[in-house]
Amino acid sequence: MSAQGLAELKFRDTHRASALAAALSRTVSEVGRAPVAVMHVCGSHEQAIARFGLRTRFPKDLHVIMGPGCPVCITDQPEVDEAVALARQGVRIVTYGDMVRVPGSAASLADAQSEGARVEVVYSIDQAIALAKTSDEPLVFFATGFETTAVATAAAIVAGLPANFFVLSAHKYIPPVMEIVAEMPDSKIEGFVAAGHAATITGWGIFEAFVARHHVPVVVAGFEPLDILAALVRLVELIRDRKWTVENMFPRCVTREGNLVAQRQLWQVFSPMGGRWRGIAHVPNGNLRLRDEWAHLDARRVFEIDLQKLWDDAPSLLAQQCVCGDIMSGLKNPGDCALFGAECQPDNPVGACMVSSEGTCRIWHEYGRQRAS
Amino acid sequence: MTVATLQKVAMKHGAGGRSMRRLIEKVFLEGTTGIAAAMDDGAVIPIGDRFLIFTTDSHVIHPLVFPGGDIGRLAIAGTVNDLAMMGATEPLGLTCGVILEEGFPVEELVRVQASMRTACGEAGTSVVAGDTKVMRRGEIDGLVINTSGVGIAARVIRDRGLRPGDDIIVTGTIGDHGMAVMAVRHDFNFGEPLCSDVAPLNGMIRAALAATPDGISAMKDPTRGGVASALHEMAGKSRVGIVLDEAAVPVRATVRAAADLLGIDPLLIANEGKALLGVRPDAVDAVLAALRAHPYGGEAAVIGRCVEDSPGTIVLETGFGRRLLSEPDGELLPRIC
Amino acid sequence: MCLGVPGRVVRVEGSSALVDFFGVCRRVRLELVDEPVAPGDYILNHVGYAIRRIPEADIEGTLAMYEQLLHEAEGDLMAADVQGELKGTRE
């Protein structure tokens, strides 16, 4: 099989996509009530849906809502503040691209950068390590992302880091927040699409207790257009038939147990801790923090981070009107926000959802209203 | 923060997108005459019954040398192409102002100069005036070049000339230049090096214009901000909507692969050897034939059409649905999940 | 939740591999993948690490799974039309 065949032709076949879209329409009408609301929890799923314009093919009675799956958006202000404070204190900060413009309480890393702080963007932790080796001065890697990205940080730590490399972990763990959303009293979500690459690490077995407890089906989906359409068809079938099960529609990458080698390294380095996600309140076990044996490279424990100067600025009035939290919980969509497209735009964002390329607001703004006529 | 409250210039103000446009409108166009306000690829100054086209460009590219070219070739091609996009395909002459950092190797300067000479030869023009300045080590990064150019056009083609029903043609594969530079700048190791497309296009455009008396309604070269930025300007100024067929847009497989890896849309990536043409439907075949007969236009293709609905917006047909193509802003950043 | 891109392993060098992503080669680290990887294998890459070796059989299996979903569209006229179209274009 050619490299082309792997993804290009097989999972982007427009004819098969049309057939699946038709099947989806039929299945949704068979549920017998409208609308049917399902949630996915992955920024890359929303990206794929938006990029391929899939929403214009979804039946109007199917609401596919993006939940808190943008790792940048749910990084809370105090966490961004820690990175900004370090940058302003003269420490070299390295992070993934999307984090640079996320507003903290008063400023983003981009703001600090334009004031002269050293903030650099990398695509992988390996690139950060290469940067650390260019001098003796300390370098702090502001590590964001869900478990799929956290395992890379863990592997790099286990393999051994240079002495001047420190990690500021803002990594998050997705399954706990699905519980929060499923438990929300206003939640009308009848099924979940689980993120395929995170499940590659964790396995789909971790959702079995979830479906039993909340009586909602979960389907694990990949990221090509056919993957997403097929997963939605299957999910709506399960909703129609009232089957509270987990189904794996991404078998080429996901197994029941997941990747044990990666899991071992993940939990060797990190332990789950409760914490606030931006706009979503407390998520038990939702944050990944470095274990005590790695204290020597934990930026929080090695550096004195002075946050007071940042908190002296009162939060802006605009920030108070931001409804990112409700958007990430699936209770509102960007169109419901008074600031969307007006005071809040990609080049002057108010909330994190407008900053990140995986933020619902940014995606909606970029790819247009989700039903481009 | 809006431009009204802007205190300091940021990198995004030089990236060719929305922020830059707003800065120009707010700061540079205040109190200027109508000529500059058109903000086209070149200024149009009427002389008798013809038009003098005048344009300028500064080049701050880093690295100075990249697969497929260097800052010298870029400096010449950039200005020649801006003139060509206005309909002036025979430049009368270029100027070249150079600002050097103390310590810059003369050998590199000689190399850049040789590149410029070669590019001028291709374009059938020459540098007729110049200036040289040196700044202290650390006060400027290596080398900055500014080029200006003049040409005469009997008929001016403006970027606002699109009409509903016109087809949009791109003269070849997109994303080559930006991706090649990004690969070098971020030290990505690609098996097959990505190559910039930097080239003077005036010969090709001359052939296209000759193929049809008035069938080409608008032209623009998609540099910073890519095809998305250029089409937005054209659609906005022309007050038409554009529907693009994503599958029809030519992209090299390696460019698409690299862009996929970085999570960047090829439609947003800079090109330095391509042009976008708005063409009346009855002239499309002739224009395509003329482009394809030229070495720089072998992969020219129709990629969309202009419509009356939603003026200023660009709808992308993905094959799986439709979405809006928004105007890019700021520098491209690699994304993560 | 990822820019997880599949690629084909060209060469394995200790704990990393050179991987071909549709013509673009990158070095990818192998510390996270849970089975041995050999040239010719496909892996899923995320931020510079391979997180999964993709078994070729599973690609075909996935497609078969999608086809199955389409079979159940027998009763739907529109889907049946598309099915017919599909049969005509099958590779």
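Student: In this predicted model, which residue stands opposite Ile47(B) in S2(B)?

Tutor: Arg50(B) stands opposite Ile47(B). The two strands concerned are S1(B) and S2(B), residues 50–59.

Student: What makes S1(B) and S2(B) a pair?

Tutor: Pairing needs at least two bridges between two strands. S1(B) and S2(B) have five bridges, in the antiparallel sense. The cut-off is met, so they are called paired.

Student: Where does S1(B) sit in its sheet?

Tutor: The sheet is open and has five strands, in the order S1-S2-S7-S5-S6 of chain B, with mixed pairing. Strand S1 (43–47) is an edge strand, and so is strand S6 (127–135) of chain B. Each of these pairs on one side only. From one strand to the next, the twist averages 15 degrees.

Student: What lies across S2, S5 and S7 of chain B?

Tutor: Helix H3 of chain B, residues 71–85, does. Its angle to S7(B) is about 25 degrees.

Student: Turn to chain C. Why is Val19(C) called buried?

Tutor: The cut-off for buried is 20 or more other C-beta atoms within 10 Å. Val19(C) has 27 such neighbours, so it counts as buried.

Student: Where is Val19(C), and what does it contact?

Tutor: Val19(C) belongs to strand S2 of chain C, residues 16–21. Beyond its neighbours within four places in sequence, its contacts include Val9(C), Val10(C), Cys25(C), Val28(C) and Ile43(C). Val9(C) is also its bridge partner.

Student: How do you know which face of S2(C) is covered?

Tutor: Ala17(C), Val19(C) and Phe21(C) form the covered face. Ser16(C), Leu18(C) and Asp20(C) form the uncovered one. For Val19(C), the count of 27 neighbours puts it among the buried residues.

Student: What makes S2(C) a partner of both S1(C) and S3(C)?

Tutor: Again, at least two bridges are needed. S1(C), residues 5–13, has five bridges to S2(C). S3(C), residues 24–29, has six bridges to S2(C). Both counts meet the cut-off, so both pairings stand. S2(C) runs antiparallel to S1(C) and antiparallel to S3(C). In S3(C), Cys25(C) stands opposite Asp20(C).

Student: Which residues in these hairpins have a positive phi?

Tutor: Gly14(C) has one of about 65 degrees, in the turn of the S1(C)–S2(C) hairpin. Phe22(C) has one near 50 degrees, in the hairpin of S2(C) and S3(C). The first of these hairpins has two residues between its strands, and the second has two residues as well.

Student: Now chain A. Why is S7(A) called largely enclosed?

Tutor: Five of the five residues of S7(A), residues 191–195, are buried, so the rest of the structure largely encloses this strand.

Student: How do you know that S7(A) pairs with both S1(A) and S8(A)?

Tutor: Two bridges are the minimum. S1(A), residues 36–40, joins S7(A) over three bridges. S8(A), residues 218–221, joins S7(A) over four. Both clear the minimum, so both are pairs. The sense is parallel for S1(A) and parallel for S8(A). His40(A) has Val193(A) as its bridge partner, and Phe192(A) has Val218(A).

Student: Which residues touch the most other members of the largest nonpolar core?

Tutor: Leu20(A), Leu24(A) and Phe141(A), in a core of 245 residues. Helix H11 of chain A, residues 225–240, gives the most to this core, with 11 residues. Setting aside residues up to four places away in sequence, Leu24(A) touches Leu229(A), Leu232(A), Val233(A) and Val236(A), among others.

Technical notes
Residues are numbered from 1 along each chain as its sequence is written. Chains are lettered from A and ligands numbered from 1 in the order in which they are written. This is a predicted model: local features need pLDDT of at least 70, side-chain atom pairs count only at pLDDT 80 or more; totals for chains, interfaces and linings use all residues. A residue is buried if 20 or more other C-beta atoms lie within 10 Å of its own, exposed if 12 or fewer, and partly exposed in between; C-beta atoms are placed from the backbone. Two residues are in contact if their C-beta atoms, placed from the backbone, lie within 7 Å. A nonpolar core is a set of buried Ala, Val, Leu, Ile, Met, Phe, Trp, Tyr and Cys residues joined through C-beta atoms within 7 Å. Axes are lines fitted to C-alpha atoms, for helices over the stretch in contact, and angles run from 0 to 180 degrees between N-to-C directions.
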